[in-house]
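Grab a coffee and work through these exercises with the model open beside you. Each one sets a task, then walks through a solution.

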Amino acid sequence: MKKHFLSVTKPFVHQSLCMVGVLAWIATIEQVVAQSPPGPGVGYTNTPLLPNSQWRVHDKYRPRPTIVKAGEALGQAPSDATILFDGKDLSEWKRDGRKEEAAPWKVGDGFFEAVGGSGSIVTRKEFGDMQLHIEWSAPEVVKGESQGRGNSGVIIMGKYEIQILDSYDNNSYADGQAASIYGQYPPQVNVTKAPGQWNVYDIIFEAPRFDGEKLTKPARSTIFHNGVLVQNAKEHIGQMAHQEVGKYRAHSPTGPILLQDHGNSTRFRNVWARRLRDEVDPWVVMPGAADPKLPGKGKKIVLISGDDEYRSEESLPMLSKILSEQHGYDCVVLFAINPETHTVDPNYQSNIPGLHHLDDADGMIMCLRFRSLPDWQMAHFAKFAMEGKPLIALRTSTHPFNFPGASKSAYKKWAFNSKEWEGGFGQQIIGETWHSHHGKHASQATRGVIPDAAKSSPILKGVSDVFGPSDVYGVVHLPSTATVLLQGQVVNGMKPTDPPLEGPKNNPMMPLAWTKDYQMPDGKAGKLFCTTMGAANDFLNEDLRRLVVNATYWMTGLESKIPDKASATVSDKYIPNNFGFKPATFFTELLIRPIDLVK
Ligand code: MG
């Protein structure tokens, strides 16, 4: 496997909830449903890698840019903008201050107007890096002079002021003119229109970055005033200050936009903002550690997360880290990616980019739940299975696929509820499809009990104390040719010290972990390991982690090299979230990049 650049140093930033106006958002999602995820399309797989990039020149698999619908006319909001004033009301704004108070400014016909002395107003939503469009006009009747004429200001994050001033025939100081970075940089030219006419600002703002209290990258503004470039990627010296040099003080990565009340009746209209997008790597590559003695060296494992309930987007990066750093495997972790945001979204059922990594993989670890992947993605998965390559299936992977009624998928019979291929891929290949919660969900935990017949299995080396908060699954279709390595004991409670549940639920116990052979119709024979445990918080249990490590050795032909007690050390930064479903937009608001999940 090629060594890829991996930007592990990017800080984990939970960006806040500043995505898009609801209507624009719905419009965008409709487009997404209509056109995505796009196929791999035209491109190359044999061109050189770009410097500091995992992408090749003209890379076939590089995600295509998100499709955004432009406004009808220049200056109108595109489909992914957050509309901050729709011409009617100031509901997106509030009065600046600690208290929750409605914006006290006047709304007129298609505009709003500052009311001198009423206070500044701020957006309810917060922004970091953004493109801001705002139109303003100074009062038609000129009153006052210098900084007293039509003064307001766009104060981004409540700290970085782009000046608004009636600079038409106004000899006030240069770094206080309209479109100046107030107190720091005058605009390159003065294109302010006469009082009463509308001015347009298009501001591209990059928020400053801090490491703790230390500034690592200053704020930067590029400004077009009435279509004319007046600030070209100017670095702010510090926060806005009057009669002194502005300084930086560390603050959160997002903040509201403030419009200044400077006592003048400045008017505003057509205000919208767009969050800037970084190209997000849609998967994580973790090359094996350098030590040539590590048994996994030279072998490639693809870990595929994509379940909306058990947080595999958290557990699989952690397992990948153990396998690559402690055992030498080259790993790639894939995620459910929302094509609208290009970020991790387990609720998005029909896109897992990077499945082509399976083509040259030596093994797969999957934790999927009810996915409806497009045919071109499924094709890589199918090829892998047809070649009889080995795999590990975790938790919901007994029911990895769902192709509901109208689906035209070529893989429809792989669905968990298939009648044509009874129970689909889960039942036919893994050994079970979705059946039931055998233990009570979220109130009866699971303990793994090793049956006598399995005690000498190398996969159980160093594994004696398996416990996790997920419940025991009902498993009733497992063929007798499977080898059960663990039985699932239903625990009467959620603590490791809680006793087994009395009664028939534990007599007999359900299979909890097994190995079995598999063969796709007309495919080559292969083998797999499955455990119906595998919630992210189950993996706080060291022996469960070790079980998966051992199973990885087993599936990659290293059975004889399984250590007596394989290393399965987890970082103390691994603090998994509990299982459970999240609202539809939960992840699109968090904007988690795959790399953010490597801890
Ligand atoms: Mg001002």
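**Exercise 1: Getting oriented**

What percentage of the 599 residues in the protein chain do buried residues make up? Work that out, then describe the overall layout.

*Solution.* Keep in mind that this is a predicted model.
- Step 1: buried residues come to 55% of the 599 residues.
- Step 2: the secondary structure of the protein chain consists of six helices and 29 strands.
- Step 3: along the principal axes, the C-alpha atoms fill a box of roughly 95 × 55 × 50 Å.

**Exercise 2: A strand and its partners**

Find the strands that bridges join to β6, and say what stands opposite E135 in β15 and in β9.

*Solution.*
- Step 1: pick out β6, residues 130–137, where seven of the eight residues are buried.
- Step 2: look at β15 (residues 267–275), which runs antiparallel to β6 and is joined to it by seven bridges. Here R269 is the residue opposite E135.
- Step 3: now try β9 (residues 199–206), also antiparallel to β6 and connected through seven bridges. In β9, E135 faces V200 across the pairing.

**Exercise 3: Who holds the magnesium?**

List the protein donors of the magnesium ion and work out their spacing in sequence.

*Solution.*
- Step 1: collect the donor atoms, which are OD1 of N151, O of S152, OE of E161, OE1 of Q163 and OE1 of Q260. They lie 2.2 to 2.5 Å from the ion.
- Step 2: write the spacing as a pattern, and you get N-S-x8-E-x1-Q-x96-Q.
- Step 3: check the burial of the neighbours N151 and S152; both are buried.

**Exercise 4: Cysteines without partners**

How many disulfides does the structure hold? Explain what you find for C331 and C367.

*Solution.*
- Step 1: the count is zero disulfides. C331 is in none, and its nearest cysteine sulfur, in C367, sits 16 Å away.
- Step 2: remember that a disulfide is a covalent bond between the sulfur atoms of two cysteines. The cut-off for the pair is 2.5 Å.
- Step 3: turn to C367, whose closest cysteine sulfur belongs to C530 at 9.9 Å, so that pair is too far apart for a bond.
- Step 4: look at accessibility. C331 is buried with a relative accessible area of 0%, and C367 is buried at 0% too.

**Exercise 5: A buried acid**

Locate D330 and decide which polar atom lies 2.7 Å from its side chain.

*Solution.*
- Step 1: D330 belongs to strand β18, residues 330–334.
- Step 2: D330 is buried but has no salt bridge; K297, the nearest side chain of opposite charge, is 5.2 Å away. The salt-bridge cut-off is 4 Å, so K297 doesn't qualify.
- Step 3: the atom you want is the backbone nitrogen of G288, at 2.7 Å from a polar atom of the D330 side chain.

**Exercise 6: A covered helix**

Is E325 in α2 buried, partly exposed or exposed? Look at the helix around E325 as well.

*Solution.*
- Step 1: α2 spans residues 312–327, and 14 of its 16 residues are buried.
- Step 2: E325 is in that helix, yet E325 is partly exposed, with a relative accessible area of 47%.
- Step 3: go just past the end of α2 to G328, which takes a positive phi of about 90 degrees.
- Step 4: finish with a distance: E325 and H357 are 32 residues apart along the chain, and 20 Å separates their C-alpha atoms.

Definitions and conventions:
Residues are numbered from 1 along each chain as its sequence is written. This is a predicted model: local features need pLDDT of at least 70, side-chain atom pairs count only at pLDDT 80 or more; totals for chains, interfaces and linings use all residues. Side-chain values use heavy atoms; hydrogens and water are left out. Buried means under 20% relative accessible area, exposed over 50%, partly exposed in between (1.4 Å probe, protein chains only). Helices (H or I, at least four residues) and strands (E, at least two) are DSSP runs, numbered from the N terminus. Two strands pair if DSSP finds at least two bridges between them. Donors are N, O and S atoms within 2.8 Å of the metal (3.2 Å for Na, K and Ca); water is not among the atoms, so sites may look incomplete. Lys and Arg count as positive and Asp and Glu as negative; His and the chain ends are not counted. A polar contact is a pair of N or O atoms within 3.5 Å; within protein, one must be able to donate a hydrogen and the other to accept it, and residues adjacent in sequence count only if both atoms are side-chain atoms.
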